[in-house]
Amino acid sequence: MIHIFDGAMGTILQERGILKSGICPELLNIKHPADIINVHKAYINAGSTIIETNTFGASRIKLAHFGLEGSTREINMAGVKNARVAACNNAKVAGSMGPTGKFIEPLGDLTFDEAYDIYLEQASALAEAGADYILIETCIDLQEMRTALLAAKKAAPNIPVICQMSYSEDGRTVTGTDAQTAAITLEAMGADIIGANCSTGPEQLLPIVKILAKNCACPISIQPNAGMPHLINGKTIFPMSPIAMAKWAPKLISAGASFIGGCCGTTPNHIAEIKKALYNSPDPIRIKPTSSLALTSRTKTVFIGIDMPTRLIGERINPTGRKKLAAEIKNGSFISVKKEAVEQTNAGADILDVNMGVGGIDQPAAMEKAIKEISQIVSTPLSIDTSDPQSLEAGLKAYPGRALINSVSAEPDRLKYFIPLAKKYGAAILCLPLSDKGLPKTAGDRITILKKIITHAKEAGLKDNDFILDSLVMTIAADKTAGCEVLEALNLYRHEFGYPSTMGLSNISFGLPNRPLVNSTFFAMCLAAGLDAPIMNPYDTSMQNTLSAAAALIAKDPNGQKYSLTASKQQSTIVKEKNIPKNILTAIKNAIINGEKENVANMVEQALKEGHSSNELTEKALSAAMNDVGKDFGAKKIFLPQVMLSAEAMREAFLKIKEIIPAQEIANNGTVVIATVKGDIHDLGKNIVAALLENNGFKLIDLGKDVANEAIVRAAIENDADIVGLCSLMTTTMTQIDSVISSLKKAGSKAHVIVGGAVLTQEYADNAGADAYAEDGVIAVKLAKNLVQNKL
């Protein structure tokens, strides 16, 4: 069945003169309920079968901007009441929840629990008032969506939850999540409907619908803008006419969407044409997604399965037997943990196993910190390895993706505590054939134990693509049949379950001479028997070479193409563990690129002692690093979290330089006044740009959000600003951009103006008279540098 959402609420209220600048839109639910009801009715009359409550910004954190945080429940309940009155049993009501406007740690300063409580409060009010759906929309960060989804499921366990992310034209959210990764992560966590809204028009969202449909089995929802807005005669115009927009509706349905509507610029006329275009339209034909196991990070999905390349699980983030790493973790230092994450990934690890098993420490806190640090610096999906349920939950909370839990055995406590956590957070589980009755000697014994684990997990709601099976390797020095039983187990796993398999390898040779020979030989035999994802040291050249040759022999590397390339080079691409650059400037540059904020200050101090000047440091290390980061960001090799981490490391370096060298000897890149324009309380993008500018050596004057024209002009004049940065996220406040630019010119400001925001375009910036338009923070820094240099 095809469901038709409504369109934009704010722009219609603004056009009708009901929503004025500086007024909280959601307060109108209480102050002007009849006007809100009329807008809802207009959409229902146009053909909407689902209307959204006027509660997009009715979270405690957003309402606090208007001093209304104490009225959160009242405003949300009023929003549902108005929609219900308008619907009058002719339409369903979706309780709308937008983003909080803040990033969750470590990208921002909002904790996971704070965000969860904020969403729980809003979702509870929407559910209590009678919403038919909870709609989480316009999210740009997967971690925030995860938090909101968990809160919504808790507040309203019997109400379907719709999760809509906002994607840019490159197919990713601002923090780098692609549609495939979002679909897999959110469906595993229990989202009932997955989709996209805002940012772009229907043409740009069509590929997103196709990707979502291929990667989740649940219904797909889509609410595009009526095109990207233009500035015409001082008014914000969405260019897509109702008929033009409606032409895309059948294509979106055919691609897999069964819930369709509009976002910014979409009027009742648009909905009426969409309704007409879909008259007698058949439901979309959906193809069942792949049943392969998939793990995700914030920005990447890795599949593990029979028909997939062999996946390598890096085992090096484990303090067992590593005194230095254990000591660092105990002291709260995670420099080596982060280095291992980067270097294992560079060495070819597809998944990283994370173990914080150090005695005498707060293990949940250590696991949370490790997961946050690692997930910010690499895109490699993670496996959380702990025997402590509290540590496991701390890691799962902190992880912005779908993790693997290593390991779930048939021991009562593991079944009792670990499986519910896997279900709650959408994690896959590594099933370990161990029970409280001891080690299984034969392959058949392993099968019996695994069946118990899988049965228990399925009863808790886990599905076939949630499992990877460990073969449990024991040493042949103690049991001559140990190797044979593992090989038999791998064969049986394929036959009995069809799930992918994994195992650590090195136990097989314990107590024997020339262990590398035994290990690599056994490894090749296991790959032939069906091993899909070995847990191993990715720096081990011998094992990597075995993997390369075996892949060709078992047809996972057709015609040995990759093997030939590797072998013919006569050099390993494996990164050496102790590949530390001797040149201090190169070391600092690498530290910036890798986001080693804890380490970079000491390096800067060393470089200054060695006689390097601050200008040399800035040019050859800091700027060079950020140039590389910018190139990788532009090439989609890294994403916003890594850029932010590099910027933080850059800031630590600058602070150390300023601490040691007199201020007059340090170059200042220029002065920037930055603000979100009047009426707009969304400052997430502005904050990102501000942090990047400040960390790149600009003097920053951040005026905050919802800033009056006069305040921006006054700050620009009084500080002789080189740059004024203006941000607007909302279509209802975009025209403030041109108003501020006009005011700056009238006041005689010589500052260059850079503008940005989710709905802004180059064309809009040109028409508004801006000097430059920045699509993102990295481009903003580059533009600011160019403008200042040309000016000076």
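**Sheets, cores and side-chain contacts in a predicted model**

Colleague: Which residue in β23 is the bridge partner of Val673?

Modeller: This is a predicted model. Strand β21 (residues 671–676) and strand β23 (residues 723–727) run parallel and are joined by five bridges. In β23, Val673 has as its bridge partner Val724.

Colleague: Which strands stand at the edges of the sheet that holds β21 and β23?

Modeller: That open sheet has five strands with parallel pairing, in the order β22-β21-β23-β24-β25. A strand with a single partner has one side left without a neighbour in the sheet, so the edges are β22 (699–702) and β25 (772–773).

Colleague: What is the strand order in the sheet of eight strands?

Modeller: Strands of a sheet pair through backbone hydrogen bonds, either parallel or antiparallel. In the open sheet of eight strands the pairing is parallel. Its edges are β1 and β2 (50–52), each with a single partner strand. The order is β1-β10-β7-β6-β5-β4-β3-β2.

Colleague: Over how many bridges do β6 and β7 pair?

Modeller: One residue opposition between them is Ile194 with Ile220 in β7. Strand β6 (residues 193–197) and β7 pair in the parallel sense, and the number of bridges is four.

Colleague: Which residue of β10 is the bridge partner of Ile222?

Modeller: Strand β7 (residues 220–223) pairs with β10 in the parallel sense over three bridges. Strand β10 (residues 257–260) also pairs with β1 (residues 3–4), in the parallel sense over two bridges. On the β1 side, His3 stands opposite Phe259. On the β7 side, the partner of Ile222 is Ile260.

Colleague: Which residues have the most contacts inside the largest nonpolar core?

Modeller: The largest nonpolar core has 158 residues. Helix α6 (residues 112–129) gives the most to this core, with eight residues. Apart from this core lies another of 51 residues, among them Ile588, Met626, Ile661 and Leu700. Inside the largest core, the residues with the most contacts are Ile136, Ile260, Met356 and Ile429.

Colleague: How is the aromatic pair of Tyr133 and Phe259 arranged, stacked or edge-to-face?

Modeller: The whole structure holds five aromatic pairs. In the pair of Tyr133 and Phe259, the ring centres are 6.2 Å apart and the planes stand at 85°. Planes over 60 degrees apart count as edge-to-face, so the arrangement is edge-to-face.

Colleague: How many residues apart are Tyr133 and Phe259 in the chain?

Modeller: Tyr133 is buried at 10% relative accessible area, and Phe259 is buried at 4%. Tyr133 lies in strand β4 (residues 133–139) and Phe259 in strand β10, so the pair links distant parts of the chain. The separation is 126 residues.

Colleague: Which residues do ring pairs link into a cluster?

Modeller: Phe497 and Tyr499 are both buried. Their ring centres are 5.9 Å apart with the planes at 15°, so this pair is stacked. The cluster linked by ring pairs consists of Phe467, Tyr493, Phe497 and Tyr499.

Colleague: How far is the charged end of Lys251 from the centre of the ring of Trp248?

Modeller: Charges sit over rings at Phe633 and at Trp248. For Phe633, the charged end of Lys636 is 5.9 Å from the ring centre. The charged end of Lys251 sits over the ring of Trp248, and the distance to its centre is 4.3 Å.

Colleague: With which side chain does the side chain of Arg402 make a polar contact?

Modeller: Arg402 is found in the loop between α16 (389–398) and β16 (404–408). With a relative accessible area of 3%, Arg402 falls under the 20% limit and therefore counts as buried. Its side chain reaches the backbone oxygen of Asn465 at 2.9 Å. The polar contact with another side chain, at 3.0 Å, is with Asp466.

Colleague: Which residue's backbone oxygen does the side chain of Gln376 reach?

Modeller: Gln376 lies in helix α15 (residues 363–377) and is buried at 2% relative accessibility. Beyond four places in sequence, the residues that Gln376 touches include Pro106, Leu107, Gln642 and Glu648. At 3.5 Å, its side chain reaches the backbone oxygen of Pro641.

How values were computed. Residues numbered from 1 in each chain as written. Predicted model: local features only at pLDDT ≥ 70, side-chain atom pairs only at ≥ 80, totals over all residues. Heavy atoms only, no water. Core = buried A, V, L, I, M, F, W, Y, C linked by side-chain atoms within 4.5 Å. Buried < 20%, exposed > 50% of the residue type's maximum accessible area, 1.4 Å probe, protein only. Pairing = 2+ DSSP bridges. Phe/Tyr/Trp six-rings, centres within 6.5 Å; stacked < 30°, edge-to-face > 60°. Lys NZ or Arg CZ within 6 Å of the ring centre and 35° of its normal. Polar contact = N/O pair within 3.5 Å; in protein donor to acceptor, adjacent residues only side chain to side chain. Contact = heavy atoms within 4.5 Å.
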